[in-house]
Amino acid sequence: WAFTSRAWSSRGRRIAPEATTGEPSRDSSPIDEPTHTQGDRRKGEMASKNVLRRIFSNAGSRLLQCAAPRPGKHSQLLTARGMAAASAGGKIQAAPMVYVAGEEMTRYTMDLILERWIKPHVDTSAWEFFDLRAKNRDDTEDQVLRDVISAGARLKAIFKEPTITPTADQVKRLGLKKAWGSPNGAMRRGWNGITISRDTIHIEGVELGYKKPVFFERHAVGGEYSAGYKIVGKGKLTTTFVPEAGGEPIVVDDRKITDDLNAVVAYHNPLDNVAHLARIFFGRCLDAGIVPYVVTKKTVFKWQEPFWESMKTVFDTEYKQKFYDKGVMKPGSELVHLLSDAATMKLVVWTDGGFGMAAHNYDGDVLTDELAQVHKSPGFITSNLVGVDDYGTLIKEFEASHGTVTDMDEARLRGEETSLNPLGMVEGLIGAMNHAADVHGGSSAVHPWTGNLRAAIHKLFREGRGTRDLCGAGGLTTEQFIDAVAEEL
């Protein structure tokens, strides 16, 4: 194999292959921003050189460097001439999008996929790459995350590998200055996140957990994830709201605390975008011909009532008759509310599938983890953040529903065989490529190619040549599966 290098600056920018000084090429910066010191650039140069990874496969031990496309200007739509030029070179032209690299086992696997599946067939020169490892966030004081959010808002299509939100132990082990917050939360806020759509992936001829599709909408903002808290002793706790427009402050809660040790927590649930979430959810369910349900715990958590009311209002006024007309719901039937604890049981017993659920942020997080387990593996679940810009254009970020798979990465580093199912990540990459082509042009070339990629993966699983989460001990290793798909392509 012959490889070129995909290098990353300390700030997550791409470095042109011919650049040797550690400085980004002139047009590689996603946004105008304050420049770092020469010392920072040297750190970036050293970091960018440390990209060699040792891989093990049935062909033995190989050294791999990850390839980086050259930076370019991406504001224009892809033209027919540009598509023809790419085709003449034997590759399709991918539309502009943001590619966010993560860490551990999932980064290792996606590096191989880029080398073996993508770059031989796709010109990715319009992609903007960023390195979102915890160490790089620490080195750049999180400037790289701010760059990702800015680039995503501009290009509207993002693929993100799994990343870590460092624990106290990881802060020490990685030598970080602090425990950086969740990058996902920052992205959801930065892109005006509405919903996180998580759906089952199905392979014709392969029996998984659900027979028919299951859709899930998780409210992308609010809840415990943005909570403020303090650990306090005995005393009085008053929660006060001060209106921005002026007027008298409103006491939300006033209570006496009598225990010696307490966690005091405050958070809120934004409701302005719930109607938009409802339209996304009901529209997707209607198109797929599946029955929608709304999940809350409003019998106990009274503050969740407005979420249900908003969802039901949109359904009754805009979608109910359409569900009747299509035969998805019987005339006279109503939108059904499920308590969150009831929903956990329904996910286990409704294995025929053919339904959708929408829930608050935290409930959606927990319930979609259960959904993944019932459906055999987190590798068979998609994850898609939908946000919106100031002009109403949808911003879509695609990723896997699982994490970095730390335990498998540790096994790999010990020289043991691994078998990571990459389908969830690849579905994310396919989704980002397709959405980028829809936004910027080139869908007539991109969509057929991504369809062929999906078909090649599904074919191997049907033939019993998939990863071990589905095919058992006789399944392929991580590297063997990637090689097998590459041969199909």
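**Exercise 1. Two helices that cross**

At roughly what angle do the axes of helix H14 (residues 443-462) and helix H16 (residues 478-488) cross? Work out how this pair is arranged, keeping in mind that the model is predicted.

*Solution.*
Step 1. Two packed helices are described by the angle between their axes and the distance between the axes. For H14 and H16, the axes cross at roughly 125 degrees and come within 9 Å.

Step 2. Now name the arrangement. Angles of 65 to 115 degrees count as roughly perpendicular and those over 145 as roughly antiparallel. H14 and H16 are therefore oblique to each other. Their crossing is right-handed.

Step 3. Look for the residues that meet. H14 brings Leu453, Ala456, Ile457, Lys459, Leu460 and Phe461, while H16 brings Phe481, Ala484, Val485 and Glu488. Sorted by class, this contact holds 8 nonpolar and 2 charged residues, with no polar ones.

**Exercise 2. A second pair**

Now try helices H10 and H11: which residues of each helix make the contact?

*Solution.*
Step 1. Start with the geometry. H10 covers residues 340-349 and H11 covers residues 361-374; their axes come within 9 Å and cross at roughly 15 degrees. Because angles under 35 degrees count as roughly parallel, H10 is roughly parallel to H11. H10 passes H11 in a right-handed crossing.

Step 2. List the partners. From H10 come Ser340, Ala343, Thr344, Leu347 and Val348, and from H11 come Asp363, Leu367, Glu370, Leu371 and Val374.

Step 3. Sort them. The contact of H10 with H11 has 6 nonpolar, 2 polar and 2 charged residues.

**Exercise 3. Zoom in on Thr344**

Find Thr344 in the structure. Which residues does Thr344 touch, not counting residues up to four places away in sequence?

*Solution.*
Step 1. Thr344 sits in helix H10. Leaving out those sequence neighbours, Thr344 touches Leu367 and Glu370.

Step 2. Check a distance across the pair. Thr344 and Leu371 are 27 residues apart along the chain, and their C-alpha atoms are separated by 8.9 Å.

Step 3. Turn to the side chain. A polar atom of the Thr344 side chain lies 2.5 Å from the backbone oxygen of Asp341.

Step 4. Classify the exposure. Thr344 has a relative accessible area of 28%, so Thr344 is partly exposed.

**Exercise 4. Two residues to classify**

Are Ser419 and Glu115 buried or exposed? Describe the surroundings of each one too.

*Solution.*
Step 1. Recall the cut-off: buried means under 20% relative accessible area. Ser419 has 13%, so Ser419 is buried. Glu115, with 6%, is buried as well.

Step 2. Place them. Ser419 belongs to the loop between helix H12 (406-413) and helix H13 (423-440), whereas Glu115 is part of helix H3 (residues 104-118).

Step 3. Look around Ser419. Residues up to four places away in sequence aside, Ser419 touches Met408, Thr467, Arg468, Leu476, Thr477 and Thr478. Its side chain reaches the backbone nitrogen of Arg468 at 2.9 Å.

Step 4. Look around Glu115. The side chains of Glu115 and Lys119 make a polar contact at 3.3 Å.

**Exercise 5. The whole chain**

How many helices and strands does the chain have?

*Solution.*
Step 1. The chain has 16 helices and 20 strands.

Step 2. Of its 489 residues, 52% count as buried.

Step 3. Finally, consider contacts between residues at least 6 apart in sequence: 74% of these join residues at least 24 apart.

Definitions and conventions
Residues numbered from 1 in each chain as written. Predicted model: local features only at pLDDT ≥ 70, side-chain atom pairs only at ≥ 80, totals over all residues. Heavy atoms only, no water. Axes fitted to C-alpha atoms, helices over the stretch in contact; angles between N-to-C directions. Helix = DSSP H or I, 4+ residues; strand = E, 2+ residues; numbered from the N terminus. Left-handed = near helix turned anticlockwise from the far one by under 90°. Contact = heavy atoms within 4.5 Å. Nonpolar A, V, L, I, M, F, W, Y, C, P; charged D, E, K, R; others polar. Buried < 20%, exposed > 50% of the residue type's maximum accessible area, 1.4 Å probe, protein only. Polar contact = N/O pair within 3.5 Å; in protein donor to acceptor, adjacent residues only side chain to side chain.
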